Amino acid sequence: MDVAVDGRVAERQVSAMDKVRGYISLTKPRVMELLLVTTFPVMILAQGGIPNLWLVLATLVGGALSAGSASAFNCYIDRDIDRLMDRTSQRPLVTGVLSDREALVFAWATGVVSIVWLALTTNYLAAALALVAILIYVLLYTLVLKRRTPQNIVWGGTAGCMPVLIGWAAVTNSLSWEALILFGIIFLWTPPHYWPLSMKYRDDYKTAGVPMLAVVRGRVVVGLQIVLYAWAMVACSLLLIPVGHMGLVYTATAVLAGAWFLYESHRLYSRSIRDLSIKPMRVFHGSITYLTLVFLAVAIDPLLPF
């Protein structure tokens with residue numbers, strides 16, 4: 001039977017596998033997976049075909065390390081509020097599986113390794129962009145915005161847009177309008193992705209004193225903001241068609257997936273206005289499906305002759 005001290009697992013009972021799972025948890029694998037899903041398709045588009053597979057592997061490894069570093073720093077800095085929220089109550093710094101020092105050393109080590117790795121295996125631009133992503137997530141979002149403004153996820157979410165720039169830079173050693181449009185898609189996608197989650201866990205954020213939009217404003221306002229960002233996101237995705245000379249696969253996917261997500265966003269807003277029961281997680285999960293479909297189309301489209 002586990003013995004807990006103040007809600008934390010006694011250190012003597014933490015096995016090596018518990019430690020490994022704790023370090024993996026620090027990197028927030030689900031967030032990392034979503035970021036990496038956007039990187040490979042962008043590299044295909046930048047190359048106009050399948051890029052060098054070693055370059056792809058090197059970029060994905062470096063991107064995973066930098067994203068993991070940023071997440072580990074976030075877990076370290078936010079360990080106080082994580083203890084107050086049910087959603088984060090099983091994170092390793094809350095349960096005591098890892099010490100604060102272990103988490104901080106891990107965050108620094110993975111961050112440094114990621115930058116050096118990308119500099120040696122891709123190019124300096126990709127490495128610099130990875131460093132910028134870490135700094136935005138840790139300094140701008142976690143330390144400055146998260147606890148001070150309901151717009152935290154809007155500007156702090158910029159870090160989640162950086163993998164597309166890193167992937168493009170790894171292939172071309174430059175940036176372009178196509179890369180910036182793809183950056184814009186994810187930037188505009190982040191609020192309608194994250195705000196439904198904050199609606200579901202509103203009480204958690206309120207208890208922790210985090211001023212998410214769902215905490216400081218009613219669900220009607222949140223629903224309207226989701227709709228507005230969804231429209232802007234879809235418009236941005238369509239802008240890639242003429243700029244990136246995209247073909248039928250991307251065009252059809254951007255239009256149909258965009259229309260479907262707009263429908264879901266409007267449905268959430270409509271039910272909020274009418275004070276009916278809502279299912280914000282339906283929009284949350286729908287946003288993941290939308291982004292996956294769009295970036296899958298980005299990957300497939302350059303490989304086809306039409």
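This section describes the salt bridges, internal spaces and a nonpolar surface patch of a predicted model.

Ten salt bridges were found in a search of the whole structure. One of them pairs the side chains of Lys-19 and Glu-102, with an N to O distance of 2.9 Å. Because Lys-19 belongs to helix α1 (residues 16-26) and Glu-102 to helix α6, this pair ties together parts that lie 83 residues apart in sequence. Glu-102 is partly exposed, its relative accessibility being 22%.

A further salt bridge links Arg-147 to Asp-78, the closest N and O atoms being 3.0 Å apart. Arg-147 is located in the loop between α7 and α8 (152-156), and Asp-78 in the loop between α3 and α4 (79-82), so the contact ties together parts separated by 69 residues in sequence. The two partners can be told apart by their accessibility: Arg-147 is partly exposed, with a relative accessible area of 32%, whereas Asp-78 is buried, at 0%. Through salt bridges that share partners, Asp-78 and Arg-147 are joined with Asp-80 and Lys-146 into one network. The side chains of Asp-82 and Arg-91 also meet in a salt bridge, at 3.2 Å from N to O, and both of these residues are buried.

With regard to internal space, the structure holds one cavity of 30 Å³ or more. The largest cavity has a volume of about 60 Å³ and is lined by Glu-264, Arg-267, Leu-268, Arg-271, Ile-278, Lys-279, Arg-282 and Val-283. Two or more lining residues come from each of α14 (248-273) and α15, and α14 gives the most, with four residues. By class, this lining comprises five charged, three nonpolar and no polar residues.

The second largest pocket encloses about 190 Å³ of space. Its lining consists of ten nonpolar and two polar residues, with no charged ones. Among the lining residues are the aromatic side chains of Phe-73 and Trp-108, together with Ser-69, Gly-111, Ile-134 and Leu-139. Helices α3 (53-77), α6 (100-121) and α7 (124-145) each contribute at least two residues to this lining.

On the surface, a nonpolar patch of about 840 Å² is made by Phe-40, Ile-50, Leu-53, Leu-248, Leu-296, Ile-300, Leu-303, Leu-304 and Phe-306. Of these residues, Leu-304 is found in the segment after α15 (280-300). Leu-304 is partly exposed, with a relative accessible area of 31%; it therefore passes the threshold of over 30% that applies to residues of a patch.

Notes
Residues are numbered from 1 along each chain as its sequence is written. This is a predicted model: local features need pLDDT of at least 70, side-chain atom pairs count only at pLDDT 80 or more; totals for chains, interfaces and linings use all residues. Side-chain values use heavy atoms; hydrogens and water are left out. Patches are made of residues with over 30% relative accessible area and no salt bridge: like charges are joined within 9 Å, nonpolar side chains (Val, Leu, Ile, Met, Phe, Trp, Tyr) within 5 Å. Accessible areas come from the Shrake-Rupley method with a 1.4 Å probe; for residues, only the protein chains shown count as cover. A salt bridge is a side-chain nitrogen of Lys or Arg within 4 Å of a carboxyl oxygen of Asp or Glu. Buried means under 20% relative accessible area, exposed over 50%, partly exposed in between (1.4 Å probe, protein chains only). On a 1 Å grid over the protein atoms alone, a cavity is a set of points where a 1.4 Å probe fits but cannot get out, and a pocket is an open set with protein on both sides within 12 Å along at least five of seven lines; lining residues have an atom within 4 Å of a point. Grid points are joined across faces, edges and corners, and a volume is the space filled by probe spheres set on the points. Ala, Val, Leu, Ile, Met, Phe, Trp, Tyr, Cys and Pro count as nonpolar, Asp, Glu, Lys and Arg as charged, and the others, Gly among them, as polar.
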